[in-house]
Amino acid sequence: MTGPTLAVEGVAKTFGAVRAVDDLSFTVRPGAVTGFLGPNGAGKTTTLRMLLGLTRPTAGRLLVGDRPYGEHERPARVVGAALEASSFHPGRTGLAHLEVFAPQVGVSRQRCRELIEFVGLGPAADRRVGGYSMGMRQRLGLATALLGDPPAIVLDEPANGLDPEGIVWLRRLLRAFADEGRTVLISSHVLTEVQHTVDDVVIIARGKLVHASSLAALADLAEPETYVESPDPAALQRLCEARGWTAAASDRGLLVTGVVAAEVGAAAHSAGVELHQLASRGVGLEDVFLRLTGGAS
Amino acid sequence: MVAEYRKLVTTRMWWVLLLALAAYLAFIGGALAFSIVVAAENEQGDLMLHGVDAAASIYGLTNAIGYVFPLVIGSLAMTTEFRHQTITQSLLVEPRRGVFLGAKLLATLPLGLLYGVVATAAVVLASAPVLAGLGDGAFLTEPDIIEVLLLSVVVTALWAMIGVAFGSVLTNQVAAIVVILAVTQFVEPIARVALGAFDALDGVAKFLPGAAADGLIGASLLGSMDGGSAELLPRWAALLVMLAYAGILAAIGRFTTLRRDIG
Ligand SMILES: Nc1ncnc2c1ncn2[C@@H]1O[C@H](COP(=O)(O)OP(=O)(O)O)[C@@H](O)[C@H]1O
Ligand SMILES: [Mg+2]
């Protein structure tokens with residue numbers, strides 16, 4: 001299976017005086033999980049609603065494969081989407097919710113039953129959605145998106161309200177979909193929530209694109225941090241000053257930014273400074289995210 | 001279509017309203033049959049009805065006072081989508097908005113027919129024994145009466161359709177119900193009587209939706225009892241007028257509500 005490429009081309013959307021999306025362009029490739037990231041109010045939901053034909057763009061166009069969403073024969077079989085966790089009739093059971101939409105998607109009641117089991121709602125299938133938790137609604141939304149076994153999947157903030165177990169489960173599921181060749185686009189306002197899930201990132205702020213790349217390329221923008229501890233703190237401090245490193249006191253040692261652990265270790269060794277701890281603190285992806293999204297105007 | 005129908009019958013509202021309708025009509029039907037019979041016996045009220053006319057007027061109650069129920073259930077079919085934002089999911093599976101609205105209008109018909117059958121049955125069950133036992137008879141085998149009963153069912157389904165169309169114009173659920181109640185219980189009855197009082201406007205009254213429905217059934221409680229405009233449209237014209245109400249409201253809904261951004 002090869003999913004369709006999703007394309008956003010020069011899209012703008014204004015609500016009265018609010019410019020929710022501003023000259024936004026990016027593409028989402030099949031066979032990968034793409035994270036659509038930005039702080040609250042950045043324009044993610046608006047963009048996804050335009051992609052799905054619910055909201056009309058003020059300018060530009062949005063394509064699913066070769067045409068807009070609404071021009072596909074059975075669009076729900078091309079893109080499975082889950083937008084808000086709240087858009088269910090509270091008086092309907094979870095299973096009935098799926099069965100309501102099944103005819104238009106062109107699938108059987110049997111498939112509804114299978115899906116509700118698949119997303120882990122089997123025991124709650126015949127309970128009213130009004131009594132579902134946020135996480136259960138997310139799962140039901142996901143089941144709705146998967147009804148038509150679509151080659152592309154678009155989920156708006158799918159991790160909201162999911163328990164840690166649910167997040168791991170969702171991550172595996174999305175990974176499997178991408179490995180099958182499907183196109184997977186998920187939005188989030190927290191990078192760390194999806195950083196273990198996504199291959200590519202598209203980051204927007206105030207309606208504008210601020211970054212689009214692979215996750216690895218984003219990580220390259222991040223500065224490494226190394227935690228180091230010595231029985232002779234003064235010597236360690238002098239070493240950092242001599243090398244011109246930025247170091248800040250942290251716990252019982254120093255946190256050196258912009259330098260990888262190997263380099264700190266080598267320098268300490270040649271300067272004869274004894275080390276008791278030397279640990280890579282990884283890259284501060286969230287810092288990169290904040291820097292990118294905070295700086296846009 | 002199937003989807004829209006499932007939407008209607010997978011919530012509790014449809015049978016709650018149906019039960020309310022049946023109970024309400026059975027009560028009014030029985031009470032009215034009783035009062036007509038008693039009034040006739042006491043030789044009071046020249047306006048009072050006798051024989052087949054009495055039976056027809058009572059059996060026509062389904063429409064005359066019951067029509068608010070199919071209107072409400074029809075409007076709910078639409079306003080619920082907006083209230084719970086299921087409209088988003090509905091338009092995801094059917095982005096062609098005209099098709100979506102058309103399916104909703106049609107899907108309401110079977111439920112409207114069911115409402116019609118139950119409502120008419122409730123009226124007949126409550127009033128026929130009274131008419132037969134104490135009055136001039138129930139006339140249930142009279143062809144005119146059978147027509148009234150069948151058309152009552154059809155009219156109820158049409159009301160449900162008009163309800164959907166109205167809901168597509170006024171999507172706020174509470175507002176839609178308030179307006180339906182106000183118009184059906186207050187505005188239209190008064191308008192019919194008031195218009196009937198002026199010769200120049202007399203012809204207009206029969207085009208009001210409730211009057212058109214009476215025209216389709218061929219029996220009017222308001223027309224025959226309240227001294228208002230007794231003039232009704234012929235059946236074919238009445239049917240067209242009712243369909244026109246549904247069509248015009250649906251068209252307005254299509255080009256206002258369903259043209260806007262959703263969400
Ligand atoms: N229907 C609407 N009417 C007016 N403003 C809106 C509407 N939808 C979104 N907005 C505004 O557009 C901006 C982007 O919102 P949204 O797309 O929901 O952001 P995100 O999903 O990234 O949090 C916000 O400023 C929001 O207030
Ligand atoms: Mg959002």
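# Notebook: a tyrosine, a ligand site and a cavity

**Entry 1. Tyr69(A).** I started with Tyr69(A), which I found in the loop between strand S4 (59-64) and S5 of chain A. I kept in mind that this is a predicted model. Is Tyr69(A) buried or exposed? I looked up its relative accessibility and got 2%. Buried means under 20%, so Tyr69(A) counts as buried. I then checked the distance to Glu99(A). The two residues are 30 apart in sequence. From C-alpha to C-alpha, Tyr69(A) and Glu99(A) are 23 Å apart in space.

**Entry 2. Who surrounds ligand 1?** Next I listed the residues around ligand 1. From chain A I noted, among them, Phe15(A), Val18(A), Ala20(A), Pro39(A) and Asn40(A). The list also includes Gly41(A), Ala42(A), Gly43(A), Lys44(A), Thr45(A) and Thr46(A). Gly263(B) is on it too. Residues from chains A and B surround the ligand, so I wrote the site down as shared between chains.

I sorted the shell by class and got 5 nonpolar residues, 6 polar and 1 charged. Then I sorted it by element. Strand S2 (18-28) and helix H1 (44-51) of chain A each supply at least two residues. H1(A) gives the largest share, with 3 residues.

**Entry 3. Contacts of ligand 1.** Which atoms of Gly43(A), Lys44(A) and Thr45(A) come into play here? For Gly43(A), a polar backbone atom is 2.9 Å from an oxygen atom of ligand 1. For Lys44(A), I again found a backbone N or O atom, 2.8 Å from an oxygen atom of the ligand. Thr45(A) uses its side chain: an N or O atom there is 2.7 Å from a ligand oxygen. I also looked up how far the ligand is covered. On its own, ligand 1 has 570 Å² of accessible area, and the protein covers 61% of that.

**Entry 4. Cavities.** Rolling a probe the size of a water molecule over the atoms shows where empty space is left. How many cavities of 30 Å³ or more does the whole structure hold? My search gave 5. The largest has a volume of about 130 Å³.

I counted 15 residues lining that largest cavity. Closest to its centre are Ala82(A), Leu83(A), Glu84(A), Ser87(A) and Gly141(A). Strand S5 (79-82) and helix H4 (134-146) of chain A each give two or more lining residues, as does helix H6 (86-93) of chain B. The largest share, 4 residues, comes from H4(A). By class, I noted 6 nonpolar, 6 polar and 3 charged residues in the lining.

Terms used: Residues numbered from 1 in each chain as written. Chains lettered and ligands numbered in written order. Predicted model: local features only at pLDDT ≥ 70, side-chain atom pairs only at ≥ 80, totals over all residues. Heavy atoms only, no water. Near = heavy atom within 4 Å. Polar contact = N/O pair within 3.5 Å; in protein donor to acceptor, adjacent residues only side chain to side chain. Areas by Shrake-Rupley, 256 points an atom, 1.4 Å probe, with all protein chains shown as cover. Nonpolar A, V, L, I, M, F, W, Y, C, P; charged D, E, K, R; others polar. 1 Å grid on protein atoms, 1.4 Å probe; cavity = no way out; pocket = protein on both sides within 12 Å on 5 of 7 lines; lining within 4 Å. Points joined across faces, edges and corners; volume = space filled by probe spheres on them. Buried < 20%, exposed > 50% of the residue type's maximum accessible area, 1.4 Å probe, protein only.
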